[in-house]
Amino acid sequence: PQPCPVGERTSMTAEQAVAGGGEIASVGVADPLSSIELPAVAPAKFGKLIMFGPTGAECDAAVIWLHGFGDKPDGWAQLLRPLRRAVSQKVRWLHLRGPPVPQPAYGGRRLPGWGPFLDTNCMHVGGKDHENKDETGVYASSVLAVHAEIEKLVGEGVLPERILLGGFSQGAAVALEATVCYGRALAGCIVLSGWATPRARAALVAQKPSAMPPVLVCHGTKDDMVGIDCGEAVAEALRPPCGQALQFHIFKGMEHTSCAKELRLVASFVHAATRPSEVTADREFRVAEWEQGGPAAGSDDSESDASEDDDELGFGYISKRALDSLKELLSSGAEISEEHIVASIESDTMPDDEVMTPLSYDKLFADAGGIGGISEAVETLGAKRVAELVVEATSATEVQGVEPMTAAEWRKMQFWMRNECEGDEGKEDVAQEGAEDNPAQKAAAGGAGQCAEGCVDDVQEPQSKKVRNSQE
């Protein structure tokens, strides 16, 4: 893909762009969008995507979705399954897979994502990650790769104005930047619990009033990974170029996850953007399976061209101290119990500075017939054999070169990944007293049908906010 089109220079100055957090390579007018030229970097090499829907002439619209940091496309592909079945069947869905990206916030470890995180703290306006100017070009390379996917669709005859981008968290930030930097108007963009990168903000400043396509922005007031002020800043930056095409919704009590009301808004937005011309755009598009409480996880879509057995690296961390203890027990022939094994992987009670060593989840029970957990493995294989498999998994090729981390770092990483949307919509509501003590329960509560404290709808203007540094 080529950099964003550059034409007649706009009136925006370099000082204005820097004030917005971006650096200008060139500013120009495209038809109909003005654009900030992207750096001369190679497009990122994404992993194997998950695709649903028609190809060729049968496809007349498309949705491109980007998952959050540390996640895989499977969760959102499962969660949005009822929506795929409810909207036009001429829509192709592409769930992209983020590549392993070196993460400075995690000691340079390569983790699935669309760009680098500089800080493990909650992101706020004015903080390191919100103001990251992408000097290494990693975010730009992801944007260019998204543009390449758009160009493939255009090459097959899908009009740009029939292509919708969307994402969650870091995926939402890249989807928004890809939308405003593409140079031609797309069908729209969905920004869930995300933020506007400095380059996106600079590009938005360059837009003419009401030049942007429709954008849906949703954010929770209790988001402790990407602060609500980031969502408010997105809406503030979008309001001049979007005008009435901007939908901004705040969800009281929602954390870094999704909820039923948010998904209904997504459904209506997707339907309006991708419906055939002869179909009326319903004010609120209802997805029958969601309304009836049907499951969204465990998708068995036969139209997908991707299986779960992909090339995604799956690894975790266990206590090095406990691992050494397992090795000693195996070497001495002493009795090994399930408690010995659990002690090596349960990081919640470990000291913050406990050294954790990586192991391959993919190799752990690869030859054991689909065992799903330690207790089942011990019951099926015996504790000694499970201990041997754990030791072998720490020596697997997949984790060679993966650096150790502390228990505190591993808990933080798990918190990020658990709070990505995991396909819990439609399950029984588990938002109950005590749920906030467990990050996994919090994610489930957010996706189980309502926000923790109920949802409040759109505010017409962003709430006044103070700039908070991510070091707070």
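**Reading the Terms: Sheet, Loops and Helices**

Author: S169 is located in the loop between β8 (163–168) and α5 (170–180). The model discussed here is a predicted one.

Reader: Why is S169 called buried?

Author: The relative accessible area of S169 is 0%. Buried means under 20%, and S169 therefore counts as buried.

Reader: What is the phi of S169?

Author: Phi of S169 is positive, about 60°, although S169 is not a glycine. As background, most residues other than glycine have a negative phi. D134 also has a positive phi, near 60°, and is likewise a residue other than glycine. D134 is found in the loop between β7 (109–112) and α4 (138–155).

Reader: How do you know whether D134 is buried or exposed?

Author: The relative accessibility of D134 is 6%. The limit for a buried residue is under 20%, so D134 is buried.

Reader: What makes E149 count as buried, and which residues does E149 contact?

Author: E149 belongs to helix α4. Its relative accessible area is 13%, and because the cut-off is under 20%, E149 is classed as buried. When neighbours within four places in sequence are set aside, E149 is in contact with L49, I64, L94 and L96.

Reader: What makes β8 a mostly covered strand?

Author: Six of the six residues of β8 are buried. I163, L165 and G167 point one way, while L164, G166 and F168 point the other way, and all of them are buried. In general, the side chains of a regular strand alternate between the two faces of the sheet.

Reader: How do you know that β8 pairs with β4 and with β9?

Author: Two strands pair if there are at least two bridges between them. Five bridges join β4 to β8, and these two strands run parallel. One of the matched positions is L66, whose bridge partner in β8 is G167. On the side of β9, β8 pairs over five bridges, again in the parallel sense. There, L164 stands opposite G188 in β9. The chain passes from β8 through α5 to β9, and this β-α-β crossover is right-handed.

Reader: What makes β10 (residues 215–220) a covered strand, and on which faces?

Author: Six of the six residues of β10 are buried. One side carries V215, V217 and H219, the other carries L216, C218 and G220, and both faces are covered.

Reader: How do you know that β10 pairs with β9 and with β11?

Author: The requirement is at least two bridges. Four bridges join β9 (residues 188–192) to β10, and the two run parallel. V191 has V217 of β10 as its bridge partner. Between these strands the chain crosses through helix α6 (residues 198–205), in a right-handed β-α-β crossover. Six bridges join β10 to β11 (residues 246–251), also in parallel. G220 is matched there with F251 of β11. The path from β10 to β11 leads through helix α7 (residues 228–242), and this β-α-β crossover is right-handed.

Reader: In what order do the strands of the open sheet lie, and why do β3 and β11 stand at the edges?

Author: Seven strands form the open sheet in the order β3-β5-β4-β8-β9-β10-β11, with mixed pairing. β3 (50–52) and β11 each have a single partner strand, so one side of each is left without a neighbour in the sheet. On average, neighbouring strands of this sheet are turned by 10° against each other, direction ignored. Helix α5 packs on the sheet, touching β4 (61–66), β8 and β9, and its direction makes about 150° with that of β8.

Reader: Why is α13 called oblique to α14?

Author: Helix α13 (residues 374–381) and helix α14 (residues 383–393) pack at an angle of about 125°, with their axes 7 Å apart. Roughly perpendicular covers 65 to 115 degrees and roughly antiparallel begins over 145. The angle fits neither class, and α13 is therefore oblique to α14.

Reader: Which residues make this contact, and how are they classed?

Author: From α13 the contact is made by I374, A377, V378 and L381, and from α14 by A383, R385, V386 and L389. By class, the contact has seven nonpolar, no polar and one charged residues. Arg counts as charged, and R385 is therefore the charged residue in this contact.

Conventions
Residues numbered from 1 in each chain as written. Predicted model: local features only at pLDDT ≥ 70, side-chain atom pairs only at ≥ 80, totals over all residues. Heavy atoms only, no water. Buried < 20%, exposed > 50% of the residue type's maximum accessible area, 1.4 Å probe, protein only. Right-handed = clockwise from strand over helix to strand, strands pointing away. Axes fitted to C-alpha atoms, helices over the stretch in contact; angles between N-to-C directions. Contact = heavy atoms within 4.5 Å. Parallel < 35°, antiparallel > 145°, perpendicular 65-115°, else oblique.
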